[in-house]
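The exercises below ask you to read secondary structure, burial and chain contacts from a model. Work through each task before turning to its solution.

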Amino acid sequence: MLTLFFIDLGRRIITFMYFCGGLANLTAQTVYLTLKPPYKYGHIIEQSNKAGYESFPIVSVVALFIGFIFALQSAYFMQRLGSEMYIASLVALAIVRELGPVITALVVAGRVGASHTAELGSMQVTEQIDALETLAANPVKYLVVPRFVSLSLMLPILTLYADIIGILGGYLICVLKLGITSSMYMHITFTALFYKDLFTGLFKSLIFGMIIALVSCYEGFNVEGGAEGVGKATMRSVVVTFLMIIAADCIFTALFYFIFP
Amino acid sequence: MIEIENLTKRFGTNLVLDRLNLKVPTGQTCVIIGRSGCGKSVLLKHIVGLLKPDRGRVLVNGKEVAGLKELELNALRSKISMVFQGGALFDSMNVAENVGFGLFEHTRISQKEILERVEESLSLVDLGGIGNLMPSELSGGMKKRVALARAICIKPEIILYDEPTTGVDPITADSINRLIRSLHDKLKVTSFVVTHDMRSAYHIADQIAMLYKGKIILEGTPEQIQHTQDPVVHQFINGLSKGPITEAIDTFKEA
């Protein structure tokens with residue numbers, strides 16, 4: 001029994017090490033090939049459209065609801081203190097520093113990352129990736145680089161948009177429901193926010209975009225076993241991306257706390 | 001010229017290729033026969049550098065494929081085409097973009113000229129005028145022929161075929177066989193064909209080699225193979241359910 005436990009543990013550790021090595025290798029290749037010409041602008045624009053532009057509706061809905069929910073939850077406590085006007089600063093700081101980047105990244109990971117894994121996984125099982133190689137086209141340059149660049153560019157843009165919509169959600173609750181004046185809400189919001197809050201949020205979203213692109217493409221490239229394999233890889237891609245986003249968020253939040261106290 | 005020397009490949013505990021040796025002279029058509037899952041496609045993938053040998057080497061035109069750097073490998077791949085078992089057409093591109101992919105990516109030929117070459121290649125496989133269709137709109141046989149058109153569009157010196165006639169109707173299979181033969185006769189293309197369709201093998205081959213238990217157990221002209229006394233090859237080419245191949249499997253199951 002104990003032996004079986006250690007065999008299983010050893011196998012899991014080896015699988016984890018293999019994953020880390022493979023992902024590091026793909027990251028290095030992707031960064032190198034991103035900088036190396038020729039640049040596939042057409043593919044980057046196409047991917048940016050799919051990953052970014054088409055994600056605006058879902059990001060709008062989620063960010064607006066997050067703004068509503070956060071304002072209402074804050075109101076529950078702040079009303080007891082008689083400090084309703086500070087809900088605006090709470091909403092602004094929480095959304096710009098934390099909720100905007102993380103929620104947007106999770107939405108995009110579920111929508112775009114899963115689609116990348118399923119698409120590349122299907123290409124893998126139907127030998128399209130092998131076909132690319134035999135036609136002297138590097139699959140990393142051709143498939144991963146446009147997704148990596150587009151997500152790295154589009155996620156900060158989507159996050160900035162989610163920040164604005166989230167603050168708007170808080171504004172609607174405070175102004176229409178809690179009786180705070182519009183000018184007061186805007187004044188408190190802009191007083192509470194500093195450039196560093198915006199910068200740290202957008203920097204984190206850039207890292208999250210890279211994580212989504214790399215993990216989803218890595219899982220897609222490593223699909224084995226047909227349709228079932230594509231399904232499993234897609235699920236694994238979403239789970240791993242979520243975990244890595246939360247872990248990276250924790251690391252960078254701690255880092256920024258000490259760098260920009 | 002394709003030279004394979006002591007090629008060994010293992011996946012986990014499964015020894016797929018075991019010190020395999022084979023030579024295919026320039027301009028010849030070599031057909032590899034063998035049961036499904038015996039390692040024929042693995043052998044093909046070594047020739048084009050998609051897999052690296054555990055031991056041994058594969059030389060194409062005197063160059064060891066596994067030792068080539070990226071640029072050299074790409075230069076070699078521009079002279080080799082591969083026709084995949086399921087076609088492996090790119091879903092996101094139409095037929096013309098698929099067929100002209102190699103030319104669009106790696107040459108400075110004008111788009112008009114590329115589209116003319118694409119149409120010419122499609123006409124060779126009797127599919128002229130379908131450039132605007134998407135792969136999802138094609139039947140299995142048409143996909144195979146489009147894959148063949150993609151392979152010949154770059155005018156390669158070597159073409160590797162992975163079961164080119166499997167899953168197509170007999171008439172289409174015959175037209176594919178004729179095309180492979182005419183590429184050999186007219187353009188002196190070196191062909192390496194993996195199949196278990198014996199009719200096709202006899203039609204197109206200059207040389208037939210049988211892969212069994214990771215090794216080439218017999219090679220010869222179609223006539224020599226047809227008249228062989230080797231019991232394994234005899235069972236395979238005649239499609240017999242009883243013989244040394246199936247006995248070995250039964251013994252293994254009983255053990």
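**Exercise 1.** Determine in which sense strand 4 and strand 5 of chain B pair, and place both strands in their sheet.

Solution. Strand 4 (residues 55-60) of chain B pairs with strand 5 of chain B in the antiparallel sense over 2 bridges; strands are DSSP runs of E with at least two residues, helices are runs of H or I with at least four, and both are numbered from the N terminus, while pairing requires at least two DSSP bridges between two strands. Within this pair, B:Val60 stands opposite B:Lys63. The sheet is open, with 4 strands in the order 2-1-4-5 (chain B) and antiparallel pairing. Strand 2 (14-24) and strand 5 (63-64) of chain B have a single partner strand each and stand at the edges, so one side of each is left without a neighbour in the sheet.

The model is predicted: local features need pLDDT of at least 70, side-chain atom pairs count only at pLDDT 80 or more, and totals for chains, interfaces and linings use all residues. Residues are numbered from 1 along each chain as its sequence is written, and chains are lettered from A and ligands numbered from 1 in the order in which they are written.

**Exercise 2.** Describe the hairpin that strand 9 and strand 10 of chain B form.

Solution. Begin with the pairing: strand 9 (residues 207-212) and strand 10 (residues 215-220) of chain B are antiparallel over 5 bridges, and B:Ile208 has B:Gly220 as its bridge partner. Then examine the turn, where 2 residues lie between the strands and B:Lys213 has a positive phi of about 50 degrees.

**Exercise 3.** Find which residues of helix 10 of chain B are buried, and where they lie around the axis.

Solution. In helix 10 (residues 231-238) of chain B, the residues B:Val233, B:Phe236 and B:Ile237 are buried, that is, each has 20 or more other C-beta atoms, placed from the backbone, within 10 Å of its own. They cover an arc of only 90 degrees around the axis, which puts them on the same side of helix 10 of chain B; the arc is that of the directions from the helix axis to the C-beta atoms. After the helix comes B:Gly239, with a positive phi near 60 degrees.

**Exercise 4.** State how many residues each chain gives to the contact between chain A and chain B.

Solution. Chain A gives 10 residues and chain B gives 14 residues, where contact means C-beta atoms, placed from the backbone, within 7 Å.

Terms used: A residue is buried if 20 or more other C-beta atoms lie within 10 Å of its own, exposed if 12 or fewer, and partly exposed in between; C-beta atoms are placed from the backbone. Two residues are in contact if their C-beta atoms, placed from the backbone, lie within 7 Å.
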